[in-house]
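Please open the model in your viewer and set the display to show side chains as well as the ligand. The tour below proceeds from one selection to the next.

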Amino acid sequence: MNRMAERSHAQSNAWFARALAVTPGGVHSPVRAFKAVGGAPVVMASAQGAHLRDADGNEYIDFCMSWGPLILGHADARVVAAVTRAAALGTSFGACSMPEVELAERVARMNPWAQRVRFVSSGTEAVMSALRLARGFTGRDLVIKFAGCYHGHADAFLVKAGSGLATFGTSSSAGVPEAVSALTIVLPLGDFAALGAAEREFGGRLAAVVIEPIPANDGLLLQAPEFLRALRQMTARTGALLIFDEVISGFRVAAGGAAAHYGIEPDLVTYGKIIGGGLPVGAFAGRADIMAHLAPEGRVYQAGTLSGNPVAMAAGIATLDALAAADGRGRDFYEILETQTGSFLKDLIYVLSKVGGQLVRVGSIYWPYFGEGEPPVRPEQISAGHVAFFRRLFPAALERGVYLPPSAHEVWFLSAAHTEKILAEAVNRLEDALAAVG
Ligand SMILES: *Cc1c(COP(=O)(O)O)cnc(C)c1O
């Protein structure tokens, strides 16, 4: 069946032309601009469950899922009801409120290392604030991050590796002073020797080591658990804080995120995406003695007019409650999702293999890889062939009603709304798209 002829993008294109006249690049976050895949972005009008609907009324099965927050699917009835109820009670108090207590209690219950929780409004704010806290707590300035991990767009993290094995970074964005990026050391993922060298050189000056324990922002670069354990040991030896950036992995790979998945406890942890159930929420959390250094208890300043916003908290509470619920047979949310997506997983691996692709995956985070050889563990291992193939696949999938994240470097997300039936349809469309470009 040829679905391609039916799809018009006239309305979408008209909206995007208007956007271009009032917004840089027409977008409010760069990767939405389709620069990595070509063509004009599709302008959305509504979404429900596993589906997006664009300005022309075209429907898509969505695997981008707003880049991770929507583990229950778009416009989940429980989340919408909670948000509606909360909004009617007042959209912001600027004072202590009940929902922020209720969400913080849930976060702490699901993540025992999150002894104290502070809410912010984005993942960027969460990681930025956690780093300031680590610096205030340790009285040190340097931070180690890893190439291929994304921690939001605060100055300290828009840094790429300098030359040499263990060296100070240089900024990866105009507008970030070298004086700031020089405090960030960028190491290769999974490289024990580089880690050792950095410890010898900078150990006593390190405030923190920050990592996405499941790096999911430049492909899905799954690390050996031993590497994460080495970070835990190295930070314990040097007195630096281990910060797990779980903005994607938190509540996604398990109720306790990657920390629970690997059985490794960080000193501080950052959340975003799922914690807000599709509304703007971030959080940083961790050991009570460290968190006590935050204002008003301590001397590390951090604040937010809309932090703990009651409508956003309501979305988070409804989402976390759904994740914590078991079904009649005692299976938890994550087991149910695994079962529901099991045949899609098998079928997708099969259709990918027909064009030489493979699937990298943890839980409901998927990353099809079209390069040769072992799946990459570092960004520079991602092959040009993979990127070129994805660039051709993306429009073919889009025109068949499958909305993929618009970059070869982005992971795909599944949600509880991706039923077996929808996923069976998705695999057919993807098979068709792969055949057309393969
Ligand atoms: C998305 C993301 C961020 C930034 O969160 P925003 O809400 O986009 O500011 C930080 N860290 C990780 C691991 C992320 O995936």
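Begin by selecting the ligand together with Thr124: an oxygen atom of the ligand lies 2.6 Å from an N or O atom in the side chain of Thr124. Please bear in mind that this is a predicted model.

Next, add Gly123 to the selection. Here a backbone N or O atom of Gly123 is found 2.9 Å from an oxygen atom of the ligand. Then select Tyr150, where a backbone N or O atom is 3.3 Å from a nitrogen atom of the ligand. The ligand taken alone exposes 380 Å², and the protein buries 83% of that area.

Now extend the view to the residues around the ligand. In addition to Ser122, Gly123 and Thr124, they comprise Tyr150, His151, Gly152, Glu212, Asn217, Asp245, Val247, Ile248 and Lys273. Colouring this shell by class gives three nonpolar, six polar and three charged residues.

For the next stop, select Gln302, which is placed in the loop between helix H9 (288-291) and helix H10 (310-324). Is Gln302 buried or exposed? Its relative accessibility is 7%, and Gln302 therefore counts as buried, the cut-off for buried being under 20%.

Finally, display the surroundings of Gln302. Its side chain makes a polar contact with the side chain of Arg118, at 3.0 Å. Leaving aside residues up to four places away in sequence, Gln302 touches Arg118, Val120, Ser129, Arg132, Phe284 and Leu294.

Technical notes. Residues are numbered from 1 along each chain as its sequence is written. This is a predicted model: local features need pLDDT of at least 70, side-chain atom pairs count only at pLDDT 80 or more; totals for chains, interfaces and linings use all residues. Side-chain values use heavy atoms; hydrogens and water are left out. A residue is near a molecule or strand if one of its heavy atoms lies within 4 Å of it. A polar contact is a pair of N or O atoms within 3.5 Å; within protein, one must be able to donate a hydrogen and the other to accept it, and residues adjacent in sequence count only if both atoms are side-chain atoms. Accessible areas come from the Shrake-Rupley method with a 1.4 Å probe; for residues, only the protein chains shown count as cover. Ala, Val, Leu, Ile, Met, Phe, Trp, Tyr, Cys and Pro count as nonpolar, Asp, Glu, Lys and Arg as charged, and the others, Gly among them, as polar. Helices (H or I, at least four residues) and strands (E, at least two) are DSSP runs, numbered from the N terminus. Buried means under 20% relative accessible area, exposed over 50%, partly exposed in between (1.4 Å probe, protein chains only). Contact means heavy atoms within 4.5 Å.
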